[in-house]
Amino acid sequence: MTVVDPETQAGWVPEAVEDEADEEMPLSLRLSIADTLTLGNATCGFMAVYFTTTGILIPHLQGSNESGMARHSAATAVILMLCAAVFDLFDGLVARKLRSSPMGAELDNLSDLISFGLAPAYFVLVYGMVADDAHQRVAAVGAIVVLLAVVLRLARFSCVTVKDGTFQGMPSPFGALTVVSIVLLELPFVATLLAIIGTAWLMVSRVEYPKPRGPLAVAMLSWIVAAMGLLAAWAFEAPGGQLLLQTGCALQLVLGAVIPLFATARRVNNFRGNRREARAAQLP
């Protein structure tokens, strides 16, 4: 009901009606369960940056020689990136099973940019500042390459349609974990930088990677849990922890290189099968 004020002759709506209108939140502002998981992804990425700064960079700038603190903080930062990958895995599964809000896709891209773009790029930047044989400015270039690769990949993912069940280019969570694994391997600086740039190229390439669904999602989750265990063993200096961590990091690099080879071989076999079927159909 609209009431006219006798002094101003202007119409106004009773407060009860205004309150009812305020209570009706637009659908686009309501968070779903999947969106909550996505926000957990962003939180983990931000906290990874926090631990990289407070536990590695600041002690180094202050001239601290306590390697234990840096090791614990590095392990914590990487574990948080792994937790972000778990959130990213489950928010997609939940969105398919339940519902997703209209802003779910945008939230997912923004969270991925923080956890799998900013966090690993910052990890590379700090590595360039604290490692003995690293060059800070060159490492900064490598960090920028990683960040821009994730930005381009996420932008392309939003506007390019690919066939169901595959990603075009290395998925950003897998790419972020591969970049971090390269740093933790403690290879010579030039080899580290080349491997990081190669990973960034794979993220923006047209190489096909399978989406983590069904058994592959279970395998990915198992690998993440195992990686967390390896990082914990390394952080607490368990017997053989260093060797176990380096083995896990090396396996991460091997998976990043082998998976696209399998995808390419499958595509070639499918192409050959389609040609054989086409020739068989042309025969009388």
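Is Tyr127 buried or exposed in this predicted model? With a relative accessible area of 11%, Tyr127 is buried, because a residue counts as buried when this value is under 20%. The model is a predicted one, and the contacts of Tyr127 are best considered together with the other aromatic pairs.

A search of the whole structure finds four aromatic pairs. One of them is formed by Tyr127 and Phe189, whose rings are stacked, with a distance of 6.3 Å from centre to centre and an angle of 25 degrees between the planes. This pair links distant parts of the chain, since Tyr127 belongs to helix H4 and Phe189 to helix H7, which covers residues 189–204, and the two residues are 62 residues apart. Phe189, like its partner, counts as buried, its relative accessibility being 8%.

Another aromatic pair is made by Phe174 and Tyr209, and here the arrangement is tilted, with 6.4 Å from centre to centre and 50 degrees between the planes. Phe174 is found in helix H6 (residues 172–184) and Tyr209 in strand E4 (residues 208–210), so this pair ties together parts of the chain that are 35 residues apart in sequence. Both of these residues, Phe174 and Tyr209, are buried. A contact of another kind involves Lys211, which lies over the face of Phe167 at 5.4 Å from the ring centre.

On the surface, Phe46, Tyr50, Ile114 and Leu118 make a nonpolar patch of about 380 Å². The elements that give two or more residues to this patch are helix H2 (33–61) and helix H4 (104–130). Leu118, one of the residues of the patch, lies in helix H4 and is partly exposed, with a relative accessible area of 39%. Helix H4 therefore holds both the partly exposed Leu118 and the buried Tyr127.

The record offers a further view of these segments. In an unreviewed entry, UniProt lists residues 39–61, 73–93, 113–131, 138–155, 175–204, 216–236 and 242–265 under "transmembrane region". In the model, the span of residues 113–131 is 95% helix and 0% strand, and its end C-alpha atoms lie 25 Å apart. Over residues 175–204, the chain is 87% helix and 0% strand, while the end C-alpha atoms are 10 Å apart.

Terms used
Residues numbered from 1 in each chain as written. Predicted model: local features only at pLDDT ≥ 70, side-chain atom pairs only at ≥ 80, totals over all residues. Heavy atoms only, no water. Patch = residues over 30% accessible without salt bridge, like charges linked within 9 Å, V, L, I, M, F, W, Y side chains within 5 Å. Areas by Shrake-Rupley, 256 points an atom, 1.4 Å probe, with all protein chains shown as cover. Salt bridge = Lys/Arg side-chain N within 4 Å of Asp/Glu carboxyl O. Helix = DSSP H or I, 4+ residues; strand = E, 2+ residues; numbered from the N terminus. Buried < 20%, exposed > 50% of the residue type's maximum accessible area, 1.4 Å probe, protein only. UniProt positions renumbered as here; feature names shortened; annotations may be inferred. Phe/Tyr/Trp six-rings, centres within 6.5 Å; stacked < 30°, edge-to-face > 60°. Lys NZ or Arg CZ within 6 Å of the ring centre and 35° of its normal.
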